[in-house]
Amino acid sequence: MKDIKKKTFEVIENFSYKNAVELQKNLRKVLLKTEPIKFKSFPQLVAGCDVTFLNPYKTPTTAIASVVILNTQTLKSELITVEETEVNIPYIPTLLAFRELPVLIKVIEKTTEKLSHPIELLIVDGHGISHPRRLGIATHLGMVTGIPTIGCAKKILCGKHFKLGNKRGSISMLIHETEVIGAAVRTRTNTKPIFVSSGFKVKLPFAIKVTLKLAKYRLPEPTRLAHNSLVKYRRRLINEQSALF
DNA sequence: GCGACAG
DNA sequence: ATCTTGTCGC
């Protein structure tokens with residue numbers, strides 16, 4: 001996957017809409033030749049990641065990313081890593097990955113240095129293949145790092161689904177152009193569903209199973225805790241800055 | 001042509 | 001994605 005990382009940074013460093021879309025289409029072809037992993041047992045540790053920005057409406061700005069390693073038995077975090085990077089690409093629908101990937105790759109590499117084994121499974125805040133070109137950020141990140149990933153988004157990017165039951169565990173397939181691209185999953189009774197999809201090397205049924213097992217609240221614990229850690233980190237950064245004068 | 005559009 | 005108070009419902 002060394003080549004994929006290189007190509008990704010080439011597009012980011014000389015960014016254009018056309019080149020970004022072209023890379024997604026090429027990665028899609030590679031993905032179709034990739035065999036999913038067979039998980040023999042439920043992983044002991046599952047990672048989750050999220051990104052925030054110092055000023056989300058301004059470009060360039062500072063991107064901050066967090067990875068949480070979660071113990072799936074206790075649902076407690078075992079390790080939290082945060083990293084920062086400058087970003088020059090704005091948010092463009094369907095091209096989110098090009099804005100958030102550099103800081104995510106950085107924080108994942110830092111996390112891996114601290115661990116004795118590679119990350120077995122990673123839940124990403126965003127879509128996997130439930131994307132117009134089937135190449136959302138969760139899929140792209142998995143292909144760059146080689147880590148099996150699951151996409152968990154709070155809103156639909158594309159596709160439709162039938163109504164869900166109101167109870168936790170209710171599911172409805174997300175369909176786009178007659179294809180199943182993911183699922184709307186009710187992780188909490190009487191709460192809006194989230195949208196789960198295969199990212200990299202993980203099949204949809206397992207992605208749904210993991211998501212439901214790790215979701216105490218609306219979002220699965222790995223991504224929820226990653227987001228919480230970023231809220232605290234960002235607040236601290238902003239307080240330090242305003243305390244300077 | 002128009003609207004929709006993860007974070 | 002951020003900011004922001006109270007308010008409603010489980």
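**Terms applied to a predicted protein–DNA model**

Me: Why is R134 called buried?

Reply: R134 has a relative accessible area of 10%. Buried means under 20%, exposed over 50%, and partly exposed in between, with a 1.4 Å probe and protein chains only. The value for R134 is under the limit, so R134 is buried.

Me: What is the model, and how are things numbered?

Reply: The model is predicted, so local features need pLDDT of at least 70 and side-chain atom pairs count only at pLDDT 80 or more, while totals for chains, interfaces and linings use all residues. Residues are numbered from 1 along each chain as its sequence is written, chains are lettered from A and ligands numbered from 1 in the order in which they are written, and side-chain values use heavy atoms, with hydrogens and water left out.

Me: What makes N190 count as exposed?

Reply: N190 has 64% relative accessibility, which is over the limit for exposed, so the word applies.

Me: What is notable about phi in R134 and N190?

Reply: R134 has a positive phi of about 60°, and phi of N190 is near 60°. Neither residue is a glycine. Most residues other than glycine have a negative phi, and most peptide bonds are trans. R134 lies in the loop between β4 (122–125) and α4 (137–145); N190 is in the loop between β7 (179–185) and β8 (194–200). Helices (H or I, at least four residues) and strands (E, at least two) are DSSP runs, numbered from the N terminus.

Me: Which peptide bond is cis?

Reply: The bond joining T59 and P60, with omega about 0°. P60 lies in the loop between β1 (45–53) and β2 (61–71).

Me: How do you know that α5 is mostly covered?

Reply: Of the 11 residues of α5 (204–214), 8 are buried. Among them are L204, F206 and I208.

Me: What makes a residue count as near DNA strand C?

Reply: One of its heavy atoms must lie within 4 Å of the strand. T52, P56, Y57, K154, N190 and R234 surround DNA strand C. Sugar and phosphate account for 65% of the strand's atoms that come within 4 Å of the protein.

Me: Why is the pair between K154 and DNA strand C called a polar contact?

Reply: A polar side-chain atom of K154 lies 3.2 Å from a phosphate oxygen of DNA strand C. A polar contact is a pair of N or O atoms within 3.5 Å, so the pair qualifies. In the side chain of Y57, an N or O atom is 3.0 Å from a base nitrogen of DNA strand C.

How values were computed. A polar contact is a pair of N or O atoms within 3.5 Å; within protein, one must be able to donate a hydrogen and the other to accept it, and residues adjacent in sequence count only if both atoms are side-chain atoms.
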